[in-house]
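Trainee: Could we go through this model together, one question at a time, with the reasoning spelled out before each result?

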Amino acid sequence: MPESYVPKEAIGHGDGGSAALAIGEAESLERRPGAAPPGGGPGGEPLGKPRSLWSDAWHDLYRNPVFVVSALVIAFLVIIAIWPQLIATGNPYRADLAKAQQGSQPGHPFGFDTQGRDVYTRVVYGARASITVGVCATTGAALLGSLLGGLAGFFGGWWDTSLSRLADIFFGIPVILGGLVFLSVVTSTTVWPVVGFIVLLGWPQISRIARGSVVTAKQNDYVQAARALGAGNGRMLLRHIAPNAIAPVIVVATIALGTYIALEATLSYLGAGLKPPTVSWGIDISTASTYIRSAPHMLLWPAGALSITVLAFIMLGDAVRDALDPKLR
């Protein structure tokens with residue numbers, strides 16, 4: 001090394017800063033014309049911090065028209081499920097047999113059912129049961145499946161083997177047949193028996209996704225470094241593994257939510273799901289199926305609302321999957 005070479009760090013910062021000024025002038029002369037200064041971006045702007053997985057995913061989501069449309073539809077459904085009085089001022093239980101099976105009339109755009117009840121009001125109020133079952137069942141299945149699957153993937157051994165065999169047992173139970181058997185003995189008219197049944201049969205799918213994600217995440221270098229530094233199992237699970245393994249679970253749970261809503265309607269249609277006097281799209285579809293020739297409006301409106309709801313959640317899940325899956329970037 002030449003004796004005249006002096007590192008920048010070794011140059012003193014005396015009064016006036018002449019040494020620092022000289023270094024700055026030298027760097028500006030050596031830099032190509034139009035080039036960004038060190039640490040700067042194009043045009044000289046400082047480079048921002050790199051986006052995380054979640055911020056990068058959100059950046060892709062709000063620019064995706066599929067996500068925007070499905071999110072707006074779901075937001076509208078959630079609002080009318082919480083406050084149906086905003087767009088339906090009638091009573092879903094009020095019946096007028098003189099208007100049974102009549103079509104659209106002023107103030108009753110969807111017509112009337114077999115008991116003279118306003119179909120429009122029942123379609124609006126039916127969103128509450130479907131959204132409640134879908135959200136609660138998905139939340140329960142995701143929490144239970146993530147907990148069991150995450151522990152199995154992290155600890156392995158006999159815990160992993162036992163959980164895998166238990167999940168295989170639940171996978172072998174036909175969903176529709178199991179619902180008919182399990183819910184046929186339930187006399188409750190609330191949504192909770194249906195929610196419990198869906199959680200009981202829905203957690204194995206989530207647990208397998210969570211297990212695979214945890215097994216992959218715990219092999220990363222940052223987890224091994226945390227272990228070498230003496231981090232406990234709880235800290236590694238909560239601080240290092242869970243945030244990086246939860247994305248596939250969110251994707252599967254979002255898509256499954258629409259499936260659970262369709263499952264509730266199917267079980268209600270078969271008479272094993274929600275029961276009157278609960279207002280449900282599945283119950284109304286079951287009642288209207290007998291009168292599809294004489295009064296098709298009784299079937300088309302609740303079936304259309306159910307189809308739009310399921311499609312919106314599936315589209316939302318697909319958009320989230322595309323945003324969180326690095327292989328699709």
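Mentor: Let us begin with a term: a residue is called buried when its relative accessible area is under 20%, exposed when over 50%, and partly exposed in between. Asp160 is therefore buried, since its relative accessible area is 12%. Please keep in mind throughout that this is a predicted model.

Trainee: What pattern does the chain follow when read along the sequence?

Mentor: The chain holds eleven helices and zero strands. Read along the sequence, the pattern is accordingly α-α-α-α-α-α-α-α-α-α-α.

Trainee: Of the residues of the chain, what percentage count as buried?

Mentor: Here the cut-off is a relative accessible area under 20%. Applied to the 329 residues of the chain, the share that counts as buried is 38%.

Trainee: With which residue does Arg211 meet in a salt bridge, and how many residues apart are the two in sequence?

Mentor: The side chain of Arg211 meets that of Asp160 in a salt bridge, at 2.7 Å from N to O. Arg211 lies in helix H7 (residues 192–217) and Asp160 in helix H5 (residues 157–171), so that the pair links distant parts of the chain. Arg211 counts as partly exposed at 31% relative accessibility, whereas Asp160 is buried at 12%. The partner is thus Asp160, and the separation in sequence is 51 residues.

Trainee: Is Arg117, which forms a salt bridge with Asp113, buried or exposed?

Mentor: The closest N and O atoms of Asp113 and Arg117 are 2.8 Å apart. Asp113 has a relative accessible area of 7%, which makes Asp113 buried. For Arg117 the value is 13%, and because this is under 20%, Arg117 is buried.

Trainee: How far apart are the closest N and O atoms of Arg321 and Asp322?

Mentor: Arg321 is partly exposed, with a relative accessible area of 35%, and Asp322 is partly exposed as well, with 34%. These two residues form a salt bridge, and the distance between the closest N and O atoms is 3.4 Å.

Trainee: Which residues are joined into one network by salt bridges that share partners?

Mentor: The structure as a whole holds seven salt bridges. Those that share partners make one network, whose members are Arg165, Asp168 and Arg208.

Trainee: Which element gives the most residues to the lining of the largest cavity?

Mentor: The structure holds one cavity of 30 Å³ or more, and the largest cavity has a volume of about 90 Å³. Its lining includes Asp113 and Arg117, and also Asp284, Thr287 and Ala288. The elements that give two or more residues to this lining are helix H4 (119–155), helix H10 (281–288) and H11. With three residues, the element that gives the most is H10.

Trainee: How many residues of that lining are charged?

Mentor: The residues lining the largest cavity divide into nonpolar, polar and charged, with four in the nonpolar class and one in the polar class. The number in the charged class is four.

Trainee: What is the geometry of the ring pair formed by Phe170 and Trp203?

Mentor: A pair of aromatic rings is described by the distance of the centres and the angle of the planes. For Phe170 and Trp203 the centres are 5.6 Å apart and the planes stand at 65°. Both residues are buried, and the pair links helix H5 with helix H7, 33 residues apart in sequence. Because planes over 60 degrees apart count as edge-to-face, the geometry of this pair is edge-to-face.

Trainee: Which residues do ring pairs link into a cluster?

Mentor: A search of the whole structure finds six aromatic pairs, one of which is the edge-to-face pair of Phe154 and Phe155, at 5.0 Å centre to centre and 90° between the planes. The cluster linked by ring pairs consists of Phe110, Tyr120 and Trp301.

Trainee: Which helix gives the most to the largest nonpolar core?

Mentor: The largest nonpolar core has 37 residues, and those with the most contacts inside it are Ile261 and Leu306. At least two residues each come from helix H2 (53–61), helix H3 (65–82), H4, helix H9 (233–269), H10 and H11. With twelve residues, the helix that gives the most to this core is H11.

Key:
Residues numbered from 1 in each chain as written. Predicted model: local features only at pLDDT ≥ 70, side-chain atom pairs only at ≥ 80, totals over all residues. Heavy atoms only, no water. Salt bridge = Lys/Arg side-chain N within 4 Å of Asp/Glu carboxyl O. Buried < 20%, exposed > 50% of the residue type's maximum accessible area, 1.4 Å probe, protein only. Helix = DSSP H or I, 4+ residues; strand = E, 2+ residues; numbered from the N terminus. 1 Å grid on protein atoms, 1.4 Å probe; cavity = no way out; pocket = protein on both sides within 12 Å on 5 of 7 lines; lining within 4 Å. Points joined across faces, edges and corners; volume = space filled by probe spheres on them. Nonpolar A, V, L, I, M, F, W, Y, C, P; charged D, E, K, R; others polar. Phe/Tyr/Trp six-rings, centres within 6.5 Å; stacked < 30°, edge-to-face > 60°. Core = buried A, V, L, I, M, F, W, Y, C linked by side-chain atoms within 4.5 Å.
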